[in-house]
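Biologist: Let us go through this model together. I will ask why things get their labels, and you set each value against its rule.

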Amino acid sequence: MAYYCKKTVADIDCAGKKVIVRVDFNVPFDSEGNISDDKRIVGALPTIKYLLDKNAAVILVSHLGRPKGEFNMKYSMAPASKRLSELLGKEVIQAKDVIGPDAKAKAESLKPGQIMMLENARFHKEEEKNNPEFAKELASMAELYVNDAFGTAHRAHATTAGIADYLPAVSGFLIEKEINFLGNAVNNPEHPFVAILGGAKVADKLTVISSLLEKCDTLIIGGGMAYTFLKAQGYGIGTSLCDDEKLDYCKSMIEKAEKLGKKLLLPVDATTIAEFPNPIDAPVVTAVYGVDSMPDDRMGCDIGPETCKLFAEEVKNAKTVVWNGPMGVFENPILAQGTVAVAEAMAASDATTIVGGGDSAAAVEQLGFAGSISHISTGGGASLEFLEGRDLPGISCLENKDRKIVAAGNWKMNKTPSQAAAFIKELAEAVKDAKNQVICAVPFVAIPAALEAAKGTYISIAAQTMDYHDKGAYTGEVSAEMLADLGVKYVIIGHSERRQYYNETDETVNLKVKQALKYGLTPIVCVGESKDQRLAGVTNELVAYQVEYALNGVRDDQAAGIIIAYEPIWAIGTGLTATDDQAQEVCKAIRDTICKLYGKNVSSVITIQYGGSCNAKNAAGLFAMPDIDGGLVGGASLKVPDFAVIANS
Ligand code: AMP
């Protein structure tokens, strides 16, 4: 799910509304009871401030610690409220209960622009059980639900998921940011992509090891979990941590890496101690051994100096690095050197660097490297589950972004530059209140005049084709860079007339799509079948093939923004039109193809138009079909009144 397809608070009207926001204020405290790290509170500020600026009445809910379903003021949200109040410079009203009389009365009288905090949701055992009655009670206090608690997004609890059954549900900016970073890193990484896993147990990271191996170029394994891998390779590991039940699993991962041609890097030496320190930060005497000469009575508790160099070198050459889990018993400063070395290498790197929450995030922060890391996740468990490719219930339950209806006019070889300017001005007046997004694809020479006339209006200008080369001896052609330089936003690619008269093939369509994206142009990719192909009953297969070919090598965040236009060639210029149902069937087949290629999130937001003799009479019916998001309009786009009707359909 790299492309973030969920509505955020910015996509809805929250002015004056009561909004219940799930935040993750599960903050740590020092021995004197002060909040020792307020990162999670700070992380939620953009969403909270946005809502307050919009004059929403904000009701916050969170959990803190493990009160086990009972009211226990040791776990009260009050200190977090106080800290938030300091950060906002504004009163945060603290309720005495969660769904009790005090919370309800305070929520009832909360005014727009005010903010309150409910008590710890885990004071009720119903929270973690995702009890619907409890969720309903919470929902009854508000008109909208916002989830911005990334740290608990992997849990299906009443405040993280259940409540979305009773209120319109959208995400906050923190969740959006987390998913954008983590998603891009794993689904569209810049290579070399290095993933680093550490921590105590192999068992905790089974799925993530396997799924990261498929995506990364190098998988580095350190920490306690490395010893099970080393034993699987036949090394003696002394008294180091080992999960004998997972030896076969480790062997299979080593084989998987070989088969996929991926580098799996394990420690080559270890910093060892005689026995585990108690307390954990007690002084220890260490000795370094190569992994091939580890004595039986020594315990590996950190990666050794050679391994530090090896791992740091790999990080240095990477373009994307994701790290989760310490390299040793980092709670003890003597055994923290491996963790420090990895943190340092990441901080010094120009790559996109992501630290996946939990211990590694704490280590990076304690060491003062936080400012040099691209993204430190606020969720340890959640980020791990996301990296594994699992659905996070706290995010799945939120509403997808709406698809826009797009009315795109293809003028073909009609209208001179001066006619274009006059037409755009007239059209702008006629569509100024249009419901749909309006695009005019004009002849190359008319683009500057059309762009000028469209300034300050809702009309965007498209080109009707382009060349796929960067530049050079291609007489008469126009490049993506030239179009982008003019300010063009869209370009039609693979129109049936280009395919028919100018040798456009699936291959050139694909090259052009990638070239357009490279220069920030949105391709309107045309696919469709001839009369013979329809009669042969191969329509759906054919368009699926065309779509798959056209998008070969296109990343999912790019695909999500593309427009696909289904043009039944038999219906172009013949006056024939596909019926609403025929058009819907093919557009659905296209959406299913996108789903197969990129998953549900991209397929639910991508724009799919119908483009075969779409006119003022049939537009409303076609655009009302569930998988048709507007039209690529030919002849009817040349007359202002007709196109205005389509823009409003
Ligand atoms: P995890 O919760 O799986 O991320 O593991 C974090 C814990 O692993 C930390 O408390 C570390 O002290 C511990 N750890 C890391 N390396 C080792 C090791 N070689 N032996 C024992 N414990 C380790």
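Modeller: Start with the cysteines. The sulfur of C216 has its closest cysteine sulfur in C250, 16 Å away, which is too far for a bond.

Biologist: What makes that too far for a disulfide?

Modeller: A disulfide is a pair of cysteine sulfur atoms within 2.5 Å. For C308, the closest cysteine sulfur is in C301 at 14 Å, so that is too far as well. The structure holds zero disulfides.

Biologist: What kind of model is this, and how are residues numbered?

Modeller: It is a predicted model, where local features need pLDDT of at least 70 and side-chain atom pairs count only at pLDDT 80 or more, while totals for chains, interfaces and linings use all residues. Residues are numbered from 1 along each chain as its sequence is written, and side-chain values use heavy atoms, with hydrogens and water left out.

Biologist: Why is C216 called buried?

Modeller: Buried means under 20% relative accessible area, exposed means over 50%, and partly exposed lies in between (1.4 Å probe, protein chains only). C216 has 0% relative accessibility, so C216 counts as buried. C308 has 14%, so C308 is buried too.

Biologist: How much of the chain is buried?

Modeller: Buried residues make up 56% of the 649 residues. The chain has 26 helices and 23 strands. These are DSSP runs numbered from the N terminus: helices are H or I with at least four residues, strands are E with at least two. The C-alpha trace spans about 85 × 65 × 45 Å along its principal axes.

Biologist: Now the rings. Why is the pair Y501 and Y502 called edge-to-face?

Modeller: First, the rule. Rings of Phe, Tyr and Trp (its six-membered ring) pair if their centres lie within 6.5 Å; planes under 30 degrees apart count as stacked, over 60 as edge-to-face and the rest as tilted. By this rule there are six aromatic pairs. The ring centres of Y501 and Y502 are 6.3 Å apart with planes at 85°, so this pair is edge-to-face. Both tyrosines, Y501 and Y502, are exposed.

Biologist: What are the values for Y545 and Y549?

Modeller: Their centres are 5.8 Å apart and their planes meet at 75°, an edge-to-face pair. Y545 and Y549 are four residues apart in helix α21 (residues 539-550), so about one helical turn separates them.

Biologist: Is Y545 buried, exposed or partly exposed, and why?

Modeller: Y545 has 47% relative accessibility, so Y545 is partly exposed. Y549, at 29%, is therefore partly exposed as well.

Biologist: What makes R498 a charge over the ring of Y502?

Modeller: A charge sits over a ring if NZ of Lys or CZ of Arg is within 6 Å of the ring centre and within 35 degrees of the ring normal. R498 lies over the face of Y502, at 4.1 Å from the ring centre. K415 lies over the face of W411, at 5.8 Å from the ring centre.

Biologist: W411 makes me think of S637. Which residues does S637 touch?

Modeller: Contact means heavy atoms within 4.5 Å. Leaving out residues up to four places away in sequence, S637 touches G409, N410, W411, F423 and F643. S637 sits in the loop between β23 (630-633) and α26 (640-647).

Biologist: Why does S637 count as buried?

Modeller: Its relative accessibility is 0%, so S637 is buried.
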